[in-house]
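Let's take a walk through this one, starting from a single residue and working outward. Have the model open as you read.

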Amino acid sequence: MADVLAASQHTETPTRTVSPVRTLSLISLAHWVSHFHMLVLPMLFPFLKQQLGVGYVELGFAMTVFAVVTALVQTPVGYIVDHFGAKRILLVGLTLGGLSLVMLGLHLSYPSLIVCAVLLGVANAVYHPSDYALLAAHMDESRMGRAFGVHTFAGYLGGAVAPAAMAALLAWIGGPGALIVAGLVGPVAALLQVVGNVPEVHPHQHHKDGAKVPKPNLLTPTLMMLTAFFMLLSLSSSGIASFGLVALMNGYNVSFSEANIALTAFLGATAVGVLAGGVLADRISHHSLVAAVSFAINTVLMLFITFLTPPMIVLTAVLTVAGFLSGAIAPSRDMMVRNAAPPGAAGRAFGLVSTGFNFAGIISPLLFGYIMDANAPRWLFGASVIFMLLTIVLTFFTERGTKVKTVA
């Protein structure tokens with residue numbers, strides 16, 4: 001590892017003096033913030049429902065607004081990242097997302113919630129194009145899967161700590177204070193990016209011989225399939241992350257603290273699974289196979305939860321295994337996109353396929369909010385089964401056949 005990093009540093013330009021480890025750490029911190037901020041509002045749904053006097057559909061609509069805005073903005077942001085630099089766009093996203101939550105905490109109302117969702121959506125559009133462009137440019141090729149794994153792990157870790165963190169803040173300083181504190185995390189992370197001197201990604205408009213780089217074609221069948229793949233991946237787990245707390249309480253007769261433990265176990269295991277998936281992604285080339293096998297097992301686990309009422313310890317164990325397998329998919333998913341991205345267009349490629357997440361975000365809050373308002377909490381997990389089965393089918397069309405890598 002040291003030899004590889006040393007060799008890469010000798011070929012760098014003098015301006016890139018920051019170590020790859022520090023760069024990965026700081027970019028991963030930004031991803032931690034993005035996932036933490038995505039779950040701040042869902043984790044406060046019980047408080048917001050009571051405080052604002054609205055139902056879960058209205059709260060779900062706010063998250064749909066968030067997803068629609070991100071979907072509309074994300075691909076253009078990828079273009080901006082590829083042409084003007086990923087680091088500066090990342091700083092804007094961190095700051096804007098944080099200040100939107102601070103604003104809501106200072107002026108709590110349903111219109112403010114919608115405005116906050118819009119601004120959060122713009123900020124959220126920044127992370128994938130910026131982060132992945134930075135990683136693709138600055139990480140060692142032979143360890144790219146593990147770099148993606150660490151980055152995604154940090155994101156899931158941000159989501160994993162969100163339930164407990166927001167519950168603690170809510171009990172300690174109330175809902176408005178919790179929103180303000182959670183929001184301030186964004187500007188602080190932006191400041192750390194500046195202090196840590198994350199290297200910029202400069203646009204590649206010409207080849208080394210001076211010839212102009214042709215405009216990349218992003219509308220390839222592979223990237224289109226991967227966009228749909230991302231959408232189904234998100235739909236299979238987003239309902240559990242957003243409404244899992246209330247679904248467990250209402251459908252399985254468990255307390256708030258027990259449901260919080262089970263959901264935290266699911267999200268925490270997802271983060272751990274990402275690290276294992278990163279190692280696996282560097283060792284194989286059939287990345288779609290990881291998704292197919294993992295979701296086949298998860299389908300059985302979610303069916304078990306949907307139709308049976310296991311003891312709390314069993315329920316938590318099942319969610320833990322399901323979370324781990326969901327996380328193991330992520331690095332292979334990212335490698336599939338990187339391999340399909342045209343040269344010099346990593347930001348745009350990740351921006352495009354990540355709109356699949358946003359399409360899911362448009363559907364998910366309304367669908368799962370309707371399920372909860374219809375008093376059918378078990379079908380939160382049953383609906384996930386349907387999306388998992390569709391994901392398994394799509395895996396056969398997202399990647400060309402390649403040989404398994406042999407890594408020492």
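Start at S364, which touches L235, S238, G239 and G369, leaving out residues up to four places away in sequence. Keep in mind that this is a predicted model. S364 lies in helix α12, which covers residues 346-373. The serine counts as buried because its relative accessible area is 3%, under the 20% cut-off.

V81 makes a good second stop. This valine is in helix α4, and with a relative accessible area of 2% it is buried as well. Which residues is V81 in contact with, leaving aside its neighbours within four places in sequence? They are A86, I89, P129, S130 and A133. Take S130 from that list: S130 is 49 residues from V81 along the chain, yet their C-alpha atoms are separated by 6.2 Å.

Now swing over to α3, a helix that runs over residues 45-52 and has F45, F47, L48 and L52 buried. Look down the helix axis and these buried residues fall within an arc of 160°, so they line one face of α3. The general background is that an α-helix has 3.6 residues a turn, so residues three or four places apart point the same way. What sits over that buried face? The cover for the buried residues of α3 includes α2 (20-43), α4 (56-84), α6 (110-138), α7 (144-195) and α8 (221-252). Just past the end of α3, G53 takes a positive phi of about 70°.

L48 also leads to the bigger picture. The largest nonpolar core has 111 residues, and L48 is among those that touch the most other members, along with L41, M166, L248, M302, L319 and F381. α8 gives the most to this core, with 15 residues. For a closer look, pick F381: not counting residues up to four places away in sequence, F381 touches I240, A247, L248, Y252, M302, I305, T306 and L319.

Finally, come out to the surface. Here L303, F304, F307, L308, I313, V314 and W379 make a nonpolar patch of about 690 Å². Two elements give two or more residues to the patch, namely α10 (287-307) and α11 (312-340). Of the contributors, α10 gives the most, with three residues. V314 is in helix α11, and its relative accessible area of 32% makes it partly exposed. That value is over the 30% needed for a residue to count towards a patch.

Key: Residues are numbered from 1 along each chain as its sequence is written. This is a predicted model: local features need pLDDT of at least 70, side-chain atom pairs count only at pLDDT 80 or more; totals for chains, interfaces and linings use all residues. Side-chain values use heavy atoms; hydrogens and water are left out. Buried means under 20% relative accessible area, exposed over 50%, partly exposed in between (1.4 Å probe, protein chains only). Helices (H or I, at least four residues) and strands (E, at least two) are DSSP runs, numbered from the N terminus. The arc is that of the directions from the helix axis to the C-beta atoms. Contact means heavy atoms within 4.5 Å. Patches are made of residues with over 30% relative accessible area and no salt bridge: like charges are joined within 9 Å, nonpolar side chains (Val, Leu, Ile, Met, Phe, Trp, Tyr) within 5 Å. Accessible areas come from the Shrake-Rupley method with a 1.4 Å probe; for residues, only the protein chains shown count as cover. A salt bridge is a side-chain nitrogen of Lys or Arg within 4 Å of a carboxyl oxygen of Asp or Glu. A nonpolar core is a set of buried Ala, Val, Leu, Ile, Met, Phe, Trp, Tyr and Cys residues joined through side-chain atoms within 4.5 Å.
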